[in-house]
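This report looks at how a ligand and the protein around it fit together. Please keep the sequence and the 3D view at hand while reading.

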Amino acid sequence: MISNNIVDIKERIKSAALKAGRDISEIVIIAACKNRNTEQIKEVIDSGIVNIGENRVQEALLKYNQLLTIDHRPSTVRWHMIGHLQTNKVKQAVEIFDLIQTVDSFELAKEIDKRANQINKIQRILIEVKTSSEATKTGILPGETENLVQQVLNLPNLKLEGLMTVAPLVDDPEKTRPYFRKLRELKINIDRLPATGDRLTILSMGMSDDFEIAIEEGSTMIRLGRAIFEGVK
Ligand SMILES: *Cc1c(COP(=O)(O)O)cnc(C)c1O
């Protein structure tokens with residue numbers, strides 16, 4: 001059951017945080033809901049997780065609207081874009097997402113800024129970094145991240161809040177550690193830039209197989225799909 005899975009997950013978060021000397025209040029759970037239906041999402045929300053992650057704008061819109069009709073507390077739910085965002089989907093994306101986690105080019109950032117401006121919104125975003133050299137992964141290269149940060153800070157309708165990464169698939173979760181560490185170090189370097197100061201507060205990293213490692217490396221936002229919906233340990 002979803003609610004039992006979430007109880008287990010919270011215990012594991014607590015242990016990982018304790019091990020790392022961190023406070024659990026620093027760690028937010030995002031339910032990664034791609035390919036899950038609205039009933040399942042409702043169960044997640046009823047279990048106390050109000051941050052919903054989606055990978056595709058179309059699928060998110062559908063569930064967003066379905067949820068409005070069955071859930072009496074829609075305003076408590078926060079939607080996160082965690083999949084690659086195409087420029088031609090930005091207009092719809094800014095209408096529903098509280099946090100777009102996958103900004104990986106200045107072109108995309110400019111389009112989000114423009115569309116947000118049209119609806120009088122300040123759009124919260126994260127920059128997605130490709131911390132591994134795996135060819136299939138999206139995200140900006142670590143060496144280009146500082147430059148994109150500087151560019152994004154000049155766009156008035158965006159609020160940059162942190163960095164996101166997806167670790168490569170590995171047989172042993174421990175092997176993801178270097179990628180999470182790389183993202184944390186990148187954030188430390190960006191925090192030193194005069195223009196950014198302490199603006200970046202979010203490190204979105206860690207999924208069902210590796211969230212404990214990510215928490216040890218400083219994650220403040222873990223994105224869980226299979227652990228929530230399938231009880232994967
Ligand atoms: C699917 C997905 C997740 C969750 O993956 P699980 O392994 O099911 O926890 C997290 N982040 C992104 C970007 C995803 O696409």
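## Polar contacts of the ligand

An oxygen atom of the ligand lies 2.8 Å from a polar backbone atom of Gly225, and a ligand oxygen is likewise 2.8 Å from a polar backbone atom of Arg226. With Lys34 the partner is in the side chain, where an N or O atom is 2.9 Å from an oxygen atom of the ligand. A polar contact here is a pair of N or O atoms within 3.5 Å.

Taken alone, the ligand exposes 390 Å², and the protein buries 87% of that (accessible areas by the Shrake-Rupley method with a 1.4 Å probe).

The model is predicted, with local features needing pLDDT of at least 70 and side-chain atom pairs pLDDT 80 or more, while totals for chains, interfaces and linings use all residues. Residues are numbered from 1 along each chain as its sequence is written, and side-chain values use heavy atoms, leaving out hydrogens and water.

## The surrounding shell

Among the residues that surround the ligand are Ala32, Asn55, Ile82, Ser208 and Leu224, where near means that a heavy atom of the residue lies within 4 Å. By class, this shell has five nonpolar, three polar and three charged residues, with Gly counted among the polar ones.

## The pocket

The ligand takes up the space of the largest pocket, which holds about 710 Å³ of space. Of the 31 residues that line this pocket, Lys34, Val166, Leu169, Met207 and Arg223 lie nearest its centre. A pocket is an open set of points on a 1 Å grid over the protein atoms alone, where a 1.4 Å probe fits, with protein on both sides within 12 Å along at least five of seven lines, and lining residues have an atom within 4 Å of a point.

Terms used:
A polar contact is a pair of N or O atoms within 3.5 Å; within protein, one must be able to donate a hydrogen and the other to accept it, and residues adjacent in sequence count only if both atoms are side-chain atoms. A molecule sits in a cavity or pocket if more than half of its atoms lie within 2 Å of its grid points. Grid points are joined across faces, edges and corners, and a volume is the space filled by probe spheres set on the points.
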